[in-house]
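Colleague: I've got this one open on my screen and would like to talk through the ligand site. Can you walk me through it?

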Amino acid sequence: MKTLKILVLNGPNLNLLGTREPEIYGTETLASIAKDMNACAEKLGGVELEIHQSNAESDLITWIGAAKGNFDGIIINPAALTHTSLGVADAIKAVEKSVPAVEVHLSNTHAREEIRHKSLTAPGCIGQIMGFKGHGYVLALKALVKYLRG
Ligand code: DQA
C-alpha cells in the first residue's frame, strides 16, 4: 500500500483555537486537533500528515501551489479567507486534478452571518465538512483517504 502524504492547512486566527470564541469553535486547540489527526492517520495506516497554520494569505497560496508532486491530498480550513480570497481559491483550482482538497470548518458557516454563507474555495474542493468542531478534521481525513484509495 502506497503511503499517502496529506497536507493540512489552517488559515488566519486558527492559531487561537481553544480560547477563540469557544462557544462557536469549541475548546480544542490546533495542537490537540493535530494529535487526533495523527492518531487517526496511524490507525488508517500508510498516511503521513504535514500540518501548517498561517495568518498570511500568501503562505497558504504558496503551500497549495507547491503541493503538486509532493502531496496526494489537502485538507484545508481557509478560515476567513474562505469568504474573501480569490487567490486561495485559484491555488486550489490550479492543483485540483493532481492534489484533491477537502474543505473543513469547525462551525456551520451556513447557520452564521450571511457573509459566511459563501465559500469561494469550496468549488475547487471534492467536498466540505462543517459544524463538527475539531472532529471535522478527523472526518475530513477519513473521507479524503477513502477517496484517494477508492
Ligand atoms: C471557520 C469559519 C470562518 O467563517 C471563520 O472566519 C473562521 C473559522 C470555521 O472553521 O468555522 O475563522 O473557517
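Modeller: Sure, one term up front: a cavity is a set of grid points where a 1.4 Å probe fits but cannot get out, worked out over the protein atoms alone. Keep in mind that this is a predicted model.

Colleague: What is the largest cavity taken up by?

Modeller: The cavity search looks at the protein atoms alone. In this predicted model, the space that comes out as the largest cavity is the one taken by the ligand.

Colleague: How much of the ligand's exposed area does the protein bury?

Modeller: Start with the polar contacts: ligand oxygens lie 2.9 Å from a side-chain N or O atom of R20 and 2.8 Å from one of N77. A polar backbone atom of A80 is 3.2 Å from a ligand oxygen. On its own the ligand exposes 320 Å², and the share buried by the protein is 99%.

Colleague: How many residues of the shell around the ligand are charged?

Modeller: The residues around the ligand include Y25, H83, S107 and R112. That shell has four nonpolar and five polar residues, and the charged ones number three.

Colleague: Which residue forms a salt bridge with K2?

Modeller: The structure has five salt bridges. In the one with K2, the closest N and O atoms are 2.5 Å apart, and the partner is D72.

Note on methods. Residues are numbered from 1 along each chain as its sequence is written. This is a predicted model: local features need pLDDT of at least 70, side-chain atom pairs count only at pLDDT 80 or more; totals for chains, interfaces and linings use all residues. Side-chain values use heavy atoms; hydrogens and water are left out. A residue is near a molecule or strand if one of its heavy atoms lies within 4 Å of it. A polar contact is a pair of N or O atoms within 3.5 Å; within protein, one must be able to donate a hydrogen and the other to accept it, and residues adjacent in sequence count only if both atoms are side-chain atoms. Accessible areas come from the Shrake-Rupley method with a 1.4 Å probe; for residues, only the protein chains shown count as cover. On a 1 Å grid over the protein atoms alone, a cavity is a set of points where a 1.4 Å probe fits but cannot get out, and a pocket is an open set with protein on both sides within 12 Å along at least five of seven lines; lining residues have an atom within 4 Å of a point. A molecule sits in a cavity or pocket if more than half of its atoms lie within 2 Å of its grid points. Ala, Val, Leu, Ile, Met, Phe, Trp, Tyr, Cys and Pro count as nonpolar, Asp, Glu, Lys and Arg as charged, and the others, Gly among them, as polar. A salt bridge is a side-chain nitrogen of Lys or Arg within 4 Å of a carboxyl oxygen of Asp or Glu.
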